[in-house]
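Subject: A structure for you to explore

Hi,

Here is the structure I promised to hand over. Have a look at it first, and then read my notes below.

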Amino acid sequence: MTGQLAAATLKDAEARIQTIETYKLILASGNSDYAFTQEEISRINSMYDELEKDVYTISTRDGSLNMEIGEYDIERTYWPVSFSGSYFEKHVSIEKDITLLYSTLMERRYVAEKDMADYQRRDYEFYVTEYETKIRSGEEVFHAEIHFKIQKWVKPSQYRFVPEELVLYKTAKQERVIDTIKDLPTVIWSYKPEIEYRTKKEIDADYQRTKRILYAESRQAAKNEEDEVISEEDNYTGRRAIYFSLDTFRNKGSDPNSPSISKIELNSFDAALTFGIGNYVFAGLELCFDLNDQTKKTIYSFGGLLGGSIELFKIFRPFIQTGIAFRTDDRLVYKAGAGLDLIIGHMLITGAYNHIWNNSFSSSNEDSTEKKNQSFHSFSIGFGITW
């Protein structure tokens, strides 16, 4: 939306209101009982429509919005910024304080000083000093705009100032938005003298219209609060990932409880896709390329996964899972286990332990019971992407 808002300015809004009120005043000619004709009413309504259709802009660049930037707060890693302005014959005043984080201005994640590597500390100190110098010298590091609408309100000559957003732009080779603030208050004021031009029917219609506007805004505010809570507390949905992993197993050998490393062998290369169901449950599909150690023949298995997971500290995701798969050598594989995902951005590193039961459903009499029914421990590690 912000890229389309440069056409209408504060002066446009002020001029349109002035035109409406002056036109009404000329028609009434000081007579408060003047009866407006239908043609005059239609003309005034069309001017109100023109006023309401546009989104207007107040900007620090043209001086209509004042901006003061305080000194950088080293402990809290932000610049305090204050915006102010007075408009529409001082009926509308804006006073808004925000904090401009170092990470927001630099468009990079802030690393706590105690965790900084030497090069990160040098970069941090350099950029803070550089931007402080630019700001104190009056150089434009960023600029701001408030986008707003004007609505005709209930009483005669009454207007409502409706700010939609305060947008911060970083001044660079390619100017871009770095932050958007929505929680700006609306203001209602009346232009003097108040001149009523509407019929009773139109007054009633305007009253119902304002009720609908306020109801819609209250519903939207409630939804925004709900979305914010969901965003902060429940933004994790199941285990959504696509990943590839190498799977090893430990043969039973002569001693199934032996931890001997020599008994660990490569079992399969796996590809999996999982989908979140609700906040904690996930289901998925798994395709495996298995290596039969005796025949050296590549076999395949395809099956499904079902499990549960939680997210800890935004980067760890412990999970439990169970699964079933069919192999091309007439075996049915069951597994149950647990694992841990490490999440770095959208990159996923995963590791898991599973206990696997491998049963043959072949009717061949040559298969012994031991060959038909096998179980072993499995360990896997892999990588992929998550969202």
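Let's start with Arg-331, which has a relative accessibility of 13% and so counts as buried. The cut-off for that word is under 20% relative accessible area. Please keep in mind that this is a predicted model.

Which residue does Arg-331 meet in a salt bridge? The partner is Asp-329, with 4.0 Å from N to O. Asp-329 itself is partly exposed, at a relative accessible area of 24%.

That pair is part of a bigger count: the structure holds 27 salt bridges. Here are some others to find on your screen.

Try Glu-140 and Arg-61, whose closest N and O atoms are 2.7 Å apart. Glu-140 sits in the loop between α4 (118–136) and β6 (142–152), while Arg-61 belongs to the loop between β2 (56–59) and β3 (66–69), so this salt bridge ties together parts that are 79 residues apart in sequence. Both ends are partly exposed: the relative accessible area is 32% for Glu-140 and 47% for Arg-61.

Now go to helix α5 (residues 200–233). Here the side chains of Lys-200 and Asp-204 form a salt bridge, at 3.1 Å from N to O. The two residues are 4 apart in the helix, which means that about one helical turn separates them. Lys-200 counts as exposed, with 62% relative accessibility, whereas Asp-204 is partly exposed at 39%.

Salt bridges can also join up into a network, and one such network links Lys-152, Glu-196, Arg-198 and Asp-206.

Finally, please look at helix α1, which covers residues 10–28. How far does α1 reach from its first C-alpha to its last? The answer is 27 Å for its 19 residues, close to the 27 Å expected at 1.5 Å a residue.

Colouring α1 by burial is a nice exercise. The buried residues are Leu-10, Ala-13, Ile-17, Ile-20, Glu-21, Lys-24, Leu-27 and Ala-28. Why do they lie on the same side of α1? Because they cover an arc of only 155 degrees around the axis. On the other side of α1 you will find Lys-11 and Ile-26, which are exposed. Just after the helix comes Ser-29, with a positive phi near 50 degrees.

Enjoy exploring, and send me any questions!

Best wishes

Terms used: Residues numbered from 1 in each chain as written. Predicted model: local features only at pLDDT ≥ 70, side-chain atom pairs only at ≥ 80, totals over all residues. Heavy atoms only, no water. Expected span 1.5 Å × (residues − 1). Buried < 20%, exposed > 50% of the residue type's maximum accessible area, 1.4 Å probe, protein only. Arc of directions from axis to C-beta.
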